[in-house]
Amino acid sequence: IQWTYVSDTDRALTYEILSPTPDADGEVFQGDTFTYAVDGDMATLEYVDADMPSDVAEISWNTTTGAGSITVPGFNGGSIACWDEAGVRCMTLSVRGMEVVAGGAPLSVESSSSAYVSVSALDESNAVVCYSMSSAGYCRVLTAAADGGLSRGISQTFSSSSTSYSTVAALDNSSALVCYALGQYSYCRKMSVSAGFVGSNTAYVNYAYTKYLSVAAFDSTSAVVCYEDDGGNDYVECKVIYVTSSGGLSGGTARQVTSYSSEYVSVSALDASTAVLKSLTLELTDRRGEPAHFGRMHLWFKLLTTH
């Protein structure tokens, strides 16, 4: 543990994981580092993987306004993503290789306090964004113009009660699946872009308190949703959600995919029957796989296939 203190508004704290014992050559391996720093009104969290020190994950925010940004190699193509104190904002970017060469004007999607924002592309110029507010959950269609500008459609309510951990995945260019936690349970609901919600097409995801939902579509009729089973033992579970021939939804059997407490779940489809699951955990290991003396955050990956 290393720390520096210049003043109350200029300080830093760094945790580094070391091997518990030297190896046969007497070398003590250095591990990952996690740094929290404050400089005036700005706070920063930085995570460095010792195996890939050039891949730095960083979150910065203004402690007064709440505005900030996140830069993570595996998120948003490694590009910076930002938010401000006014609520949810979105913008389109023109990208050449790994360089952002042009950005459209930001669009205020919702002017009130919002949380659990998720967005998914419907086609080359339209996307659906869903988010939670204190009284309800909403989705809107965003349309990108040729000049990079964004316009928004009217908000559609996917829940008339306060929701959390909302996540959305486009099934095709005219429909999407939004999943969310509501009170003690969690649900998925199909949304038609042109007609709002069709019928009572809601499927249960988990009959218990649920956190960190993430959904990914396999195709226009099936998707996989993964989550932390907070009402159970905090393990990650996943299940397939199907669109029935009548347009409703049905859920497959939940499958436990971790045997230890996990958080910050993310799932992405690789093809029509395979997905990769990513979860940030708190397993206590060093670079050699040996138990560490104090916590280390690391990412793990697991392939899921449907049968």
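## Salt bridge

A salt bridge here is a side-chain nitrogen of Lys or Arg within 4 Å of a carboxyl oxygen of Asp or Glu. A search of the whole structure, which is a predicted model, turns up one such pair. Its members are Arg140 and Glu110. Their closest N and O atoms are 3.7 Å apart, and the cut-off is 4 Å, so the pair counts.

Arg140 sits in strand E14 (residues 137-144), and Glu110 sits in strand E11 (residues 107-110). The pair therefore ties together parts that are 30 residues apart in sequence. Are the two partners buried or exposed? Arg140 is buried, with a relative accessible area of 10%. Glu110 is buried too, at 11%. In general, side chains of opposite charge can pair when their charged atoms come close.

## Overall make-up

The protein chain has 28 strands and zero helices. It holds 307 residues, and 39% of them count as buried. The exposed area is about 16100 Å². Carbon and sulfur atoms supply 52% of that area.

Consider the contacts with a separation of 6 or more. Residues 24 or more positions apart account for 35% of them.

## Strands E17 and E18

Strand E17 (residues 164-170) is mostly covered, with seven of its seven residues buried. Its partner E18 (residues 175-182) runs antiparallel to it. Five bridges join the two strands. In one of these strand-to-strand links, Val168 has Val178 in E18 as its bridge partner. A hairpin of four residues connects E17 to E18.

## Nonpolar cores

The largest nonpolar core has 29 residues. Which residues have the most contacts inside it? They are Leu177, Cys179, Cys188, Leu213, Val215, Val224 and Val225. Seven strands are named as giving two or more residues to this core: E17, E18, E20 (196-206), E21 (210-219), E22 (222-229), E23 (236-243) and E26 (262-269). Another core lies apart from it. That core has 13 residues, among them Val128, Val141, Val168 and Tyr180.

Val215 shows how the contacts spread. Neighbours within four places in sequence are left aside here. Val215 then touches Thr167, Val168 and Ala169. Leu177 and Cys179 are also in contact with Val215. The rest of its list is Ala223, Val224, Val225 and Val267. In soluble globular proteins, nonpolar side chains tend to be buried together.

Conventions:
Residues numbered from 1 in each chain as written. Predicted model: local features only at pLDDT ≥ 70, side-chain atom pairs only at ≥ 80, totals over all residues. Heavy atoms only, no water. Buried < 20%, exposed > 50% of the residue type's maximum accessible area, 1.4 Å probe, protein only. Pairing = 2+ DSSP bridges. Contact = heavy atoms within 4.5 Å. Areas by Shrake-Rupley, 256 points an atom, 1.4 Å probe, with all protein chains shown as cover. Core = buried A, V, L, I, M, F, W, Y, C linked by side-chain atoms within 4.5 Å.
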